[in-house]
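Visitor: Could you walk me through reading a sheet, and then a single side chain in it?
Guide: Sure, let's pull up the structure.

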Amino acid sequence: MIEIRNLTKRYDETTVVDDVSLTVETGQIAALVGTSGSGKTTLLRMINRLVEPTSGTVLIDGTDTATIAPHILRRRIGYAIQGHGLFPHRTVGQNIATVPTLLKWPEAEIRARVDELLELFQLDPAQFRDRMPHELSGGQQQRVGVARALAARPELLLMDEPFGALDPVIRAKAQEDLRALQRQLGTTLVIVTHDMEEAVALGDRIAVMDKGRLLQYGPPDEILTAPATPFVQALIGEGERPFRLLSLSTVADLVQPGEAPGPAIPPEASLRDALAECLWSGRELLPVEGGGIVTLARLRECATGAGAATT
Amino acid sequence: MIARLLLGLAALFLVAFLLSPDSFAWLFRPLTSNNAPAIYTQTSLLSLTLSHLGLVALAVIASTIVAVGLGILVTRPAGREFLPLARTITSVGQTFPPVAVLALAVPVMGFGAGPTLVALFLYGLLPIFENTLTGLTSQPPDVTEAARGMGLTRRQRLWQVELPLALPLILAGIRLSAVISLATATIGSTVAAKTLGEVIIAGLLSSNTAFVAQGGLVVGLLAILIYEGFQALESRGARRMGTAGR
């Protein structure tokens, strides 16, 4: 669990982060969203002390991070950034082994861990271990960057726009993979993004920041249905709101008994996909694979924020 | 490919000429007059070449240690204020004519290799220092950020990330310094250092163009070979990092 208490960062007269407090529960994903200059990256960098706070504290599992030497602290926290920051003079394997090597793991264990991670990220170890970073595609470099951040099994992972340099197709896949991986490993994750779509797709909690202040911190559906300020509302984008709400739930959440003609939709598809299918095929009812139906009427209800939670 | 072949031929010619200068007398004879000797025999060309190279190597190693050390010092937070001073020292070292250094050093150090070493050392500082500085200050920001974020200490960042990334540029600095020193070392013979300058000076004093030509030829070939050798090393490093042609 990370507790951020009254964290403030000032450079001379400018306040970059202004009295921010928030808590991220163990195993959850918190997405920090805001425009550039909102202070979200500075807030993230204060967690691993790449930036020293002017005032306030960060507690990780109850321990004040100010009491731990910065380089020791950072070896315990995974860190992945936009443009991956891989060391160009080291092989993929050496890059991934960075933190375990710093922690002086036995060599055999490091080697096993590197191969394990490469496999986890769908990169064949025999093929990729000894390649140089510049020989990989953008998507592969990004995966190696995340693998490197996870190498020493940190309980906390910080990511700063990790998918910022990827094209939209690879990006959606990378988000999906990250989400699955995080669920599997149970890592607590704080991710900075300027993209509300990404925040909604990944975050268990979303923190909206503007001009250094935390405007709202809550689960995605709360942010979408009850934006605290006009700025939050603007960031969500009103035209997109119903679709973002629908993308939060799956067909399985909304399935009701019944039968309908036509091709069926898988239960793990999002409600947004279900709506798209209704509109495209001109149907009011969709059968769900494995039995039951979703109705257009219920989808419309959900899109107004009445929520799948009520079913 | 052709360039490689030419370099190989040049190296072969150089070795053959140094091992058996007399076999090449026919080549230099046209440059002599009044039956003057075509090949310098006062001291063996091979031993002059080796001593010339030794002198240059020693000076370049010393320049490298000092210049890279200064470069590291002034890019650390604690040493930043020394940057103007270090720049001044290395620039003066470069602009002060080596001949003047010799003139000033001889009364203190006497004749021999000493004054030449000092002159070459001072002369070679600037290129290595400036390149080290550029290499250490132009690192990709995301790599620096990642290195800090991973928990590398300052020292680990220097040795494991910053210096390896700056290496191709530092090598380029050493290359320049070595080539400049190789040519400049010839003037060391005016104060009795054993260098190939001896052959050239003997040629000038006795109006024997053949001596001047063979001294200049050996120095020139050495410079080309050393230059190419360093460049091959640099581009190998750059290729490995995927920064070739940057």
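Guide: We'll start with a sheet and then move to one glutamine in this predicted model.

Visitor: What holds the strands of a sheet together?
Guide: In general, strands of a sheet pair through backbone hydrogen bonds, parallel or antiparallel. Here, chain A has an open sheet of six strands in the order β6-β7-β8-β3-β9-β10, and the pairing is mixed.

Visitor: Which strands are at the edges?
Guide: Look for strands that pair on one side only: in chain A those are β6 (77-81) and β10. On average, neighbouring strands of this sheet are turned by 15° against each other, ignoring direction.

Visitor: How do β3 and β9 of chain A run, parallel or antiparallel?
Guide: Parallel: four bridges join β3 (residues 29-33) to β9 (residues 205-210), both in chain A. To find your place there, look for Val33(A), which sits opposite Val208(A) in β9(A).

Visitor: And Gln216(A), is that buried or exposed?
Guide: Gln216(A) lies in β10 (residues 213-218) of chain A. The cut-off for buried is under 20% relative accessible area; Gln216(A) has 7% relative accessibility, so it counts as buried.

Visitor: What does the side chain of Gln216(A) reach?
Guide: Check the backbone on the far end of each polar contact. The side chain of Gln216(A) reaches the backbone nitrogen of Ala228(A) at 2.8 Å, and one of its polar atoms lies 2.9 Å from the backbone oxygen of Ala226(A).

Visitor: Which residues further along the sequence is Gln216(A) in contact with?
Guide: Beyond its neighbours within four places in sequence, the contacts include Ile206(A), Val208(A), Ile223(A), Pro227(A) and Val232(A). Val208(A) is the β9(A) residue that stands opposite Val33(A).

Technical notes. Residues numbered from 1 in each chain as written. Chains lettered and ligands numbered in written order. Predicted model: local features only at pLDDT ≥ 70, side-chain atom pairs only at ≥ 80, totals over all residues. Heavy atoms only, no water. Helix = DSSP H or I, 4+ residues; strand = E, 2+ residues; numbered from the N terminus. Buried < 20%, exposed > 50% of the residue type's maximum accessible area, 1.4 Å probe, protein only. Polar contact = N/O pair within 3.5 Å; in protein donor to acceptor, adjacent residues only side chain to side chain. Contact = heavy atoms within 4.5 Å. Pairing = 2+ DSSP bridges. Axes fitted to C-alpha atoms, helices over the stretch in contact; angles between N-to-C directions.
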